[in-house]
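User: Please take a close look at one buried or exposed position in this structure, and then carry the description on to other parts that deserve the same care. I would like one connected account rather than a list.

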Amino acid sequence: MRPIVIAIDGYAATGKSTTAQGVAELLGYLHIDSGAMYRAAAWYLLQKQVRHIDEENLPELMSSFSLDMERRGTEMLIYVNGKLLRDELRQPEIGILASEVSGIAWLRERLIREQRRLGEKGGIVMDGRDIGTVVFPQADLKVFMQADIQARVERRYKELIAQGIPTTREAVEKELLERDQRDETRPISPLRRAPDARILDTSHLTIPEQIAIVTKWAEVLIYAPSPS
Ligand code: CDP
């Protein structure tokens, strides 16, 4: 039995983080939501009243940005300059700014270095956009999650309403499509399926079903006899 690295990438609102967290709990692994790290940078900028990225001012604005991660069980808590951030990071405007921030090469490099450090010992499930392609191209298991747009809108809409964030289905659809487009077309680390990733279409799956499928794929690798 060996601790493996599981990379889950895919489109917004396909259930990546919830699936990754569920798989991590079943396997006793650590779940790292890389998107939350980009969202943390965006949250910090929003505190500084930045709504759109101006690359020239960014290094100075980010000079006092400090990101700390603390393991609690199978979860990773995120602190920005000492403040614990949770639901704040799910705000739609943070998602949009995160997707802008994530196109900045030096900031990406900084976060990717941190992601690799967190995963170096294995026993992790990391979800994002470039985990199987850039962060851990040698990951033991790569999953690429997709779902049709109606299913994704419905899920994200319900999630936001449940968190007390007022929105409409139209606004959610616009936000998801805008981010997908930006994530797929940016020059660095674009959202792309790794050639060796397994596709998981979640349009008609429930969360427990998604978790069960990925866990089964992982267990086959974890319990495989090691090559002699
Ligand atoms: O949960 P959802 O899929 O809506 O978004 P997320 O995973 O929290 O990611 C927010 C944004 O961060 C994405 O739209 C990407 O632009 C960016 N991101 C990225 O560039 N690379 C990653 N590994 C993870 C997120």
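Analyst: **Lys 142 and beyond**

Lys 142 has its place in strand 7, which runs over residues 141–146, and the model in which it is described here is a predicted one. With a relative accessible area of 6%, Lys 142 counts as buried, because the cut-off for that class is under 20%. Its side chain has polar partners: a polar atom of that side chain lies 2.7 Å from the backbone oxygen of Pro 137, and the side chain of Asp 196 makes a polar contact with the side chain of Lys 142 at 3.1 Å. Once neighbours within four places in sequence are left aside, Lys 142 is in contact with Ala 7, Gly 132, Phe 136, Pro 137, Ala 194, Asp 196, Ala 197 and Arg 198, so that Pro 137 and Asp 196 appear both in this list and among the polar partners just described.

Arg 71 offers another strand position, lying in strand 3 (residues 67–72). Arg 71 counts as partly exposed, because its relative accessibility is 46%. A polar atom of the side chain of Arg 71 lies 2.8 Å from the backbone oxygen of Gly 73, and, not counting residues up to four places away in sequence, Arg 71 touches Gly 28, Tyr 29, Leu 30 and Met 76.

The account now turns to a helix. The 17 residues of helix 8 (residues 169–185) should span 24 Å at 1.5 Å a residue, and the end C-alpha atoms are 24 Å apart, which agrees. Buried within helix 8 are Val 172, Glu 175, Leu 176, Arg 179, Asp 180 and Asp 183. These residues lie on the same side of helix 8, because they cover an arc of only 130 degrees around the axis. The face turned away from that buried side carries the exposed residues Glu 170, Lys 174, Gln 181 and Thr 185, while the cover over the buried residues includes helix 2 (34–47), helix 4 (92–101) and helix 7 (149–162).

Arg 179 and Asp 183 of helix 8 lead on to the ligand, since they are listed with Lys 16, Arg 39 and Arg 156 as the closest of the 20 residues that surround it. Oxygen atoms of the ligand also lie 3.0 Å from a side-chain N or O atom of Arg 90, 3.1 Å from one of Ser 102 and 2.9 Å from one of Arg 186. Of the 530 Å² of accessible area that the ligand has on its own, the protein covers 99%.

Conventions: Residues are numbered from 1 along each chain as its sequence is written. This is a predicted model: local features need pLDDT of at least 70, side-chain atom pairs count only at pLDDT 80 or more; totals for chains, interfaces and linings use all residues. Side-chain values use heavy atoms; hydrogens and water are left out. Helices (H or I, at least four residues) and strands (E, at least two) are DSSP runs, numbered from the N terminus. Buried means under 20% relative accessible area, exposed over 50%, partly exposed in between (1.4 Å probe, protein chains only). Contact means heavy atoms within 4.5 Å. A polar contact is a pair of N or O atoms within 3.5 Å; within protein, one must be able to donate a hydrogen and the other to accept it, and residues adjacent in sequence count only if both atoms are side-chain atoms. The expected span of a helix is 1.5 Å times one less than its number of residues. The arc is that of the directions from the helix axis to the C-beta atoms. A residue is near a molecule or strand if one of its heavy atoms lies within 4 Å of it. Accessible areas come from the Shrake-Rupley method with a 1.4 Å probe; for residues, only the protein chains shown count as cover.
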